[in-house]
Structure formats: C-alpha cells, structure tokens
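Dear colleague,

Please find below the structure that I am handing over to you. My account of what was found in it follows directly after.

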Amino acid sequence: MSADPLPFWKRLLSSRGFWPITGLALLLLFDLVYTTDFFRHESSFFRLEIRDGHLYGTLIDILNQGSKGILLALGMTLVIATGGVDLSVGAVMAISGVIAALLATQTNIPFPVVIALALVATLVAGLWNGALVAYVGVQPIVATLILMVAGRGVALLFTDGQIITFTHEPLVYVGNGHFLGLPFTTTIVAVVFLALALLTRKTSLGMFIESTGDNERASGFCGLNVRAIKLLVYGFSGVCAGVAGLIATSNIKAADSSRVGENMELDAICAVVVGGTSLSGGRFTLVGSIIGAILIQTLTTTMYGLGVPPAVAPVPKALVVVAVCLLQSETFRTKVRRLFKRSST
Amino acid sequence: MRLPLHRQQIPLAATAIVLLILFGTAALLYKGFFSIKVVLNLFSDNAFLGITALGMTFVILSGGIDLSIGAVIGFTTIFVASMISQHAMHPILAWALALLLGTGLGAAMGLLIHLFKLPPFMVTLGGMFFARGMAFVVSMLSVGINHPFYERVLALGIPVTERAVIPASAMIFLALFVVALYLAHYTRFGRNVYALGGNEQSAILMGLPVGYTQVMVYTFNGFCSALAGIVLTFYTGSGNPIHGIGMELDAIACVVIGGTLLTGGIGYVAGTLLGVLIFGTIQSILLFDGRLNSWWLRIVIGLLLFLFIVLQKLLSSASASSRTEKVTP
Amino acid sequence: MNDVLLEMRGITKAFPGVKALSDVELVVGRGEVHAVMGENGAGKSTLIKVLTGVYPRDAGMVVFCGKTISPAAPIEAEALGISTVYQEVNLIPHLSVAENILLGRQPKRLGFLSWRAIRRQAEKALERLGLHLDVTQELSSYSVAIQQMAAIARALDVDARLLILDEPTSSLDEQEVDELFRVMRKLRADGLGIIFITHFLDQVYEISDRITVLRNGELVGVYDTSSLPRLTLIGKMLGKKPEEVERLESTAATAKDTTERKTVIEAQGLGRQGGIAPFDMHMCEGEVLGLAGLLGSGRTEIARLLFGIDRADAGEVRIDGQPVSLTSSRKAIARGIGFCSEDRKSEGVIPHLSVRENIILAIQASRGLLKLLSRQEQLKIVDHYIQALNIKTPGPETPMESLSGGNQQKVLLARWLAMQPRIIILDEPTRGIDVGSKAEIEKLVASLRERGMSVLFISSELEEVVRNCQRILVLRDRKKVGELAGGEIDEQRIMGLIAKNV
C-alpha cells in the first residue's frame, strides 16, 4: 500500500513540534504587542541590554528562572517516554540542595566533589525509583510517590529542620553567576541537554527507550533489556532533578528543604506533555520539552508583566493542560471530526 | 492453593495492627497519651484530612486519581472567609456556594475524563492549577473569619466527659464516614465503583453504568474536598489560599495505607479511616515527644507507604500464581 | 417451526479491505447444543459479534424467538435473552461470586442492598447449574472453571434463552470439561439453546447436536454431529474433500539428501502444564520442520517454549549437543534463535516507530548501545528486505502503524531474517498476506534452508506446511500425535493423524 506523501500543511500540523512552538510564538506575539511602545519602537519585553558584560532582559530572565523547570522536564521526558512518570523530582531537588549546602558549609571537601556527591545521592534516589518500577513491578505513580513523600522528610532530617544559608562562593555562582554573558544556569542547561541528546541520539538508547514505551512486550521479544532501560531513565531523572536542586538552592543562597521544588514535578510533566511527548510513552522530544518548559515559564512571566500575581498563573496553565490533553486524545479528535462532518452535510 | 478467607482484608487487618501498635506504644511511652481527649483530637484535628480522604477513596477505588483536592480545599477556605468577612454573606450561604463550586469542578473533571477518555492524572492536575489560581484571585492574603454563627458552630459539641467534647468537625467527619460506608457497601453505585476499578472492560460488558459512575466519583470527591475546606475553616478560623498544598499526597497516603489498591477495585472505606487515624497518631506522637521533629511524619508515612505497597504486590502475585494458567490458542 | 430459537440468514459483514462474513447462516433450535467451528479468519467471532450487536451487520436478518432483532450493543442482546460467556471470563475478579452474578441488579431493602438476598439469589442461580459453593468468596479465588460457571449463572439469571459459549474449554482440564458439559446438558434439557464455539474436535463430538462450519467468512455447511465422520469435518474446515486430495509432492521429497545432517537443536520430553504435553523433537541444519494441527493444538506453545517466553516445567533442550536453559527471549536470541510471532499486534509491531527501526531493532539490540549501525548500513538492510519481500511502504521512515496488516507482517519477518539466526521460528508467517506475496515468502524460506538455517514453520494452512517442509510434527489438542518425514508427507495422512481417536 503506497500512499501519496501528505500535503505540506498536514505534515506540518502533525509534526510533534508544531503545537508547542506555535503556542510559544503566539504567547511571544502577545507579549510583543502588549509591551511595545509603538511611538518609541521598542518593546520592554524584548529589550536586551548589556551591563557589566552581561546580557539582561526579560527574555534572559525567562531562560534563567526557567532553567530548573527545563532540567526537570528533560529528565521527565525520558521517564514518560517509557510510559512512566516521576513524581519525586521536587523532593529529590531538596535532597541535592541540602547535601551540597551542608558539605559546602561544614566541610572542606573540594567543590567539584561536593557537587559529585550531591548528584550521586540523587542518582541513587532515581535508581531506587527505577528498581521499584522495573524489578519489583510497582506502578510508576505509586513507586515515585513514596520518595515524594519521604524524600523531603529525609532532607529535613539532614538539616535538622533548619534552613541552611551559605555564602560559599562557588555554590552561589551556580545559580547566580554569569558565563559568556549569559547566566550560568543557561550553560548548565545547555550542557545537560547536550549530554542527554548525545546519549539518546548518538547511541541506540533513544530508540530503545522509544521502543520500550511504544510496545514493551515486542521490545522484550526483540532482545531489549527492558528492565535495565527503565532503571536507567529513572536514574537520569534523578540526576536532572539533582542539578535543578543545586540551582534552586544556589538561587536563594539557602537550602530550604520544605519549600524547594514544591509542585515542580507537576510543571515538569506539563512541560513534557505540552512539548509533544505523549503520556503513554513512545516517541519523545527533548527539544519539545524545553519549549514546553519555556512556554510555561513565559506564561508565568507574562502574567507577572500584566500585573497578575504569579500565584494566579496556574489558571491559564490549567487551560493549557486541558487543551493539550484534548488535542492528544484520539476520542476528542474523532468526536470533533464527526461534528464537522455532520455540520457540513 | 486457595488463599485464606477474604484475602482482601489482610491489608486492612495489617493497617489496624499498625494503628494499634503505634497507639499502644505511644500510650506506654507518653504520660497522658491514652486519654479520651487525645483520641477525640485524632478525629477533630484531622477531620478535614479525613473528609477529603474519604472522597478520594472512591476515586481511587474506581481506578482513577484526583490531584485537585488540596487546591479545592484552599480555594474553599478563602472563598468562604472572603464571602463572610468581606461580602457580609451568611456562613450557611457561603458554605452552600462553596459546596456547589467544589462539586461543580469535580463534575467538570469527571465529564472530561469520561467523555474524552483523558487521563485522570492530567485532568485533575489541570483542576488543581485552576482551583489554586482561583484561590489567589479571591484573595492574595489570608482572611480571618469573625461571625457569630461560627462561634455558635464552634461551641457545638457532644460532651463525652466533663472535659472532652466531640466538636462539630469531628461530627461531620464521622457522619460522612457513615455515609461513605453506606455508599460503598449498601448501594449499587458503590458496588459499581468497585466493579469499574476492578475491570473496566468487564464492567462495560456487564452493562454497568460505567460513565455515570466515573463522573459521580469525581463529583462526590469535589463535594468532599469543599466540605473539608469548610471544616478546615472551623479549625483555623480563617481562610488562606495556600491551605491544602500537598494535601492530596497525604490523602492518597491515608487511602493506600488503609489498604486500598492504587490500581482500583480493592479496598475499604474503613481502611481509609484507619489510615487517617494512623496519620493523626503519628502527628500526636510528634507533638507529645518534644525531641522528635515534624519531618519524621513524612519519613514514617513514606516508610509505611512503601511497606503497604510491597505487601499489596506480594499478595497480588501470590494470587496470580494460584490461579489456573490461561492459555491462548 | 416453533422449535427454532435463532435464525440468522444472509449475514454479510465487511471491514475496510476484508470481507469477514459473506452470506452466512446460523440456525439454532430450543434445547440444542450447536457447535460453530472454523480455523483462524473463518468468521466465528465476527458472527457472534454481529449477533450480539458489537458490530452492525451490512446485510441479512436475525430472527430470535420469532421476532426480528437488531441489537446495538451486547447489553441489548442480553435484554432480549441472548447472553455471551467469553473466553476471558469477563467478570470482576476481586468481588465475590454472588456479587458478580448479581452486579447491577442487586436486590434492595429499604434503600440498602440486601446482602442476604444477594447471597440467596446467587446460590439459587448456581443451583440451577447443579452447583453448590460458597458464594461469598472472592471470584478469583476459584478456578477458571468455576468462574465460568459464575458467568453462566449470571447469564441465566437475566433469563437468557440463548447462551453463547466462546471457547469455554481452552483453560479447563478434563474433569472441569466434564463438569461444564454436565451443566450444558442440564441447560439443554431445560430448553436453552447453546452456541458452542470451539476448536476441540473430541469435545464437539461429545456434546454438540449440530455443527456449523465456516471458512474464510463463508458457510461451508451445517451438519448433524452424529452423522458426520471426523475426517469429513476436518476436511470441511481445511477446505479439502478427502476423496479428492491428491498426493502433493512435498518439495523436500525431491530435495537432495535427507541423510546425515547435523542436529542443531533437540528437545526431549519438553512440556509445560496447560501448554503442551511433553514431546520430543529435533531440527537439523538446512531443514524446514513444520508444525501441523488445528487451532489450539499447541503449535504456538511449542514456539514459545523454544524462544524462552514460557518456561518449561519438564524436559530439556540442547543446542549443538549442549543443554541450554531458554528462560528469556534474550537468552534465546543469544543462542541464535529468532521468533516471528503470530500475534503481531501485541508481540511484534512497534506502531510509532518507522519501518526502518522496526526492521533493525533486534539487530541493534544484540549489538548494544554503542555499536551503532550507521544510517547507510541500516538503509542497505532495509532496502534489501523491502525489495526481497516486496514490502509496500511510502518509504523506510513511514511509521509502522500506517502499513497494512500484511505489510506489517513482512516487516516483522524482515526483522528476524535480518538477524540471520541459526534457528528461526515462523508462526503463521503468511497470515494476512496476499497470494503473490505468500509465494515470495515461501521462496525465501527455501533459500534460508539452502543457506543452512533451521526453520520451524507453523501454519494453519495444511498445504503450505506440506509444500514447504521436509518433516512435519502433527499436533492435536496440546499433544504431539505424530511425525512424518520426506515421502510420508501428504495432507491425507496428516488429517488422518489429527482425526484419529486415540
């Protein structure tokens, strides 16, 4: 059965990147129109200026503040691609922040080792989740729920309930420094993204992950070690959350175990879904998740610019979530198609 | 190999044992723990958690999940407080409106989930965002409640001893518990919820009203969350849009520790009550013991969750191996 | 005749690209057990789905108890008196037996469900089947046989007058089958009509009054069980007239040497409870071994044992004389075994991945994460098989789900052929493939043989098996009942082995 290639516009509409990019473009357009002072031909939203050799502006703020969300979304993408979900990322952020802060302030361990230890801890946390899902066979929501509940408790245990503040230079730099004119967080995100992209697209891991999420049984029959693949993606998610936790802690120059990463797991899942990866697993797009995370951050920033308190930003987020789910739902599309057919006859 | 009678009740029995052990140990360790007052506080301090956990039980039994409850609770508290204190509305009217709104949101989510087969996780996530945001739209800051009717309600109580009283919050909790028991075990609706969670395909083939059941569990849960919010205003005397953050987790934990399977179809409403009591007992222990810090609550709950999940897994794989192998031609 | 319960005439149903039913008839009387038989794709399940309203029919009429009916859903059919008990017992496992029987219709008292009444009504329903059990126990704590009884009891409790049993005996042992038949006889005596869908020959002869045979969506005929010889029945199902069967020369009979060939794999006493009775077999280099038998005779079960999907509980397997433990697909693949499953939807096709990825996945899996096949190498392999198997696809990057079933099958074949295994198991490799492509695949199988591969060829099409194989194992009802080699191979003999009443 050979079919004529779909017309260009159909292919465009069905490509996974289309909707998130369009959404983001529309949002930016709105910002452009709303914040442009037409007489002076400048837009406060898009204004960039250089101070002390660093680039500043709303766009930069979005990238900076959104860096944690992007990192979480990157790790979450791979987990969702295998048909799972990781609810523990917020709690894991707390763990890495606490470990880094404690080690930095109370020991003389060299900074790179501090970072390494914090990330190893979060890797272990991720592998714990992965083991529960892949080897014990617990449902992902349930398995990661455990760490989500207990993880924060563990972090609080380490700090004895205190918020640990620090002025440790390198640790402060992580979330607040600049590199090549851009915030350092942008560099971190770029590095992590590149690492994951190389790992998934330059080795066969990406295809293996997609295959596992798309049809786990068939993949097993092809000789894939489905369990190991699942274990791995949760490990990645843990490490990404660990890095995000370091940034979050650095941002406020304190390790606040009870608040850091609060509700960020849900934002991460949203970003992934909005970005075009399906919740049921299979094909994934890291770039899409980045766009999704940026979109969500832009939404928040836009609302703030409109004078809407960020606490209310969840409302449009809710509409976006539901809209995306509807669009991804086969049942919805079928019903809409039927509706159009009826009205045209 | 036939498994012991009523295998499903094993987790429930385990929960009861855990509760007894916890309470018993605490009673031995702390003077004054074993008293009517402490027991009554278990019910009244955690009434709002218990009310919403009861609603959540039905959702989880049906095979779904509802992440919006914490946000609905927060919204309800600030809505009620704002209506009473800033718009001079009578509490009963404010309550009625709040219940209507919570129930309405639940119904809307249920409809989306059923009509378009959307994943409950995502839809209720959207509901959570929506309710939380709307809470801040009502008011950015907390609002106190000062109304004679409230004072009357707070003064209500069934005296048990000269010093201990069952307050309104506990009464509502217990009343809802009785209603939940009735629904779950003595109505067709309740049995349909179990059927839906047990095997959706079969339930459809058996001709059960699956759509109606699915929408109603979310509607009922919306009602319960709003009711929990109202009860919370009794406890705090105010409304605050940040109330309830993270409470969905606590509710889910209570339900799971109570023996209900997160995949649905198995569990008991009574188990949820026990789960809430365990939650409350741990909190009370933390209060009594000055040395233990509050985060131990999270760790212990996490540990209990883990143990119960593993227990559930073991029980389900034991039953799977005892069943005859199905062979496909 | 007012003894006629159900009359289906002229039933036609087509799906895009497939004619599932073509002018099919079914007549069932009161107090009759009527068997419906046919191989894969015969149309049995479609016929039942049309009857119960799962699918609307394209043409034909259905008259039930004298009235023309057109149910739009199984629930409506149930209300009319037609109930179905499915092979996978469609009840709620964790509710009690009593609840399952009465779910949706539980008796109430003053607004409360009356559990006592539920229990009593359920017990009465089971008594009608001559069964007494503790109905308060969880359904899943009982054997599948009992669960089926509960499903039947439920069907009866809604006043069914026609009971459809869809493959009810697949998971039952002999005693349980006897029990089921006892119940069926009782119901028959009560005047119920029973449609019995099965592929177990012995059972059909034991319990049914009449048999309707379907083949490729068409009615072959309706027969009285007592006057239909087994061989004739088998012939009807496979589309052969016993007297007219010619001695087809198997290609292998004319093949060069059947002597000293290295044995690659052998199984001794290999078996699995509920899957296949212990059997012996061996395969040599460069030969095609066929598994012949009716649907459900155990062919796929053997394949699954050899590929490590199911674990054997008896016997052992040797490769090159060394005992091996085939406990997972990966281990089997590492030993050079490949398996092209018959259930391509759930065990083969990876729908959103491209044709290219589906083809090279197994190869890449065996090479691990780092040793990537370059794009060029991949395309070389993919193009080769697209040509060799004549796979119709807009291109190698097309997602699998866009391909027709037949072409998907070819892609799956390509996946395993590309692995170049020593032993390849092909389970229904030509199912859903057009005639021209079938020939291509058969040529391919021959070339594999010439290259020294051992091929296990499983097919429901008898002539296919005969044409392609040098040796054939004959299976019946989960047991190996015979082995034929070289010149002994012909369809008549195979059918005879299947039909033999041992």
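A helix, as the word is used here, is a DSSP run of H or I that is at least four residues long, and helices are numbered from the N terminus. In that sense, B:Val256 belongs to helix H12 of chain B. Please keep in mind throughout that this is a predicted model.

I begin with this residue. Is B:Val256 buried or exposed? A residue counts as buried if 20 or more other C-beta atoms lie within 10 Å of its own. B:Val256 has 27 other C-beta atoms within 10 Å, and it is therefore buried. Leaving aside neighbours within four places in sequence, B:Val256 is in contact with B:Leu262, B:Leu305, B:Phe308 and B:Ile309. By contrast, B:Gly229 stands 27 residues from B:Val256 along the chain, and the C-alpha atoms of the two are separated by 22 Å.

One of those contacts, B:Leu305, leads to the nonpolar core. In soluble globular proteins, nonpolar side chains tend to be buried together. The largest nonpolar core in this model has 364 residues, and the members that touch the most others are B:Ile51, B:Leu305 and C:Leu163. Helix H12 of chain A, residues 226-252, gives the most to this core, with 15 residues. As for B:Ile51, its contacts beyond four places in sequence are B:Ile172, B:Phe173, B:Leu176, B:Cys224, B:Leu227, B:Ala228 and B:Val231.

Next come the interfaces with chain A. Which chain B elements take part in the first of them? In total, 35 residues of chain B are in contact with 35 residues of chain A. On the chain B side, at least two residues each are supplied by helix H5 (91-116), helix H6 (120-138), helix H12 (247-257) and helix H14 (295-322). The largest share, twelve residues, comes from H6(B). Sorted by class, this side of chain B has 25 nonpolar, six polar and four charged residues.

Chain C also touches chain A: 27 residues of chain C are in contact with 23 residues of chain A. Helix H10 (329-334), helix H11 (344-347) and helix H12 (355-367) of chain C are the elements that give two or more residues to the chain C side. H12(C) gives the most, with six residues. The residues on this side of chain C divide into 14 nonpolar, nine polar and four charged.

I turn now to chain C as a whole. Its secondary structure comes to 17 helices and 22 strands. The C-alpha atoms of chain C fill a box of roughly 75 × 55 × 45 Å along the principal axes. For 502 residues, a compact globule would have a radius of gyration near 23 Å, and the 25 Å of chain C agrees with this. Of the 502 residues of chain C, 50% count as buried. Among contacts in chain C with a separation of 6 or more, 68% join residues 24 or more positions apart.

Finally, a detail of the strands in chain C. Strand S11 (residues 210-215) pairs with strand S3 (residues 32-37) in the parallel sense over four bridges, and with strand S12 (residues 218-224) in the antiparallel sense over six bridges. C:Arg210 is the bridge partner of C:His34, and C:Asp224 in S12(C) is the bridge partner of C:Arg210. The hairpin of S11(C) and S12(C) has two residues between the strands, and in it C:Asn216 takes a positive phi near 50°.

Yours sincerely

Methods
Residues numbered from 1 in each chain as written. Chains lettered and ligands numbered in written order. Predicted model: local features only at pLDDT ≥ 70, side-chain atom pairs only at ≥ 80, totals over all residues. Contact = placed C-beta atoms within 7 Å. Nonpolar A, V, L, I, M, F, W, Y, C, P; charged D, E, K, R; others polar. Pairing = 2+ DSSP bridges. Buried ≥ 20, exposed ≤ 12 C-beta atoms within 10 Å, placed from the backbone. Core = buried A, V, L, I, M, F, W, Y, C linked by C-beta atoms within 7 Å. Rg over C-alpha atoms; globule rule 2.2 N^0.38 Å.
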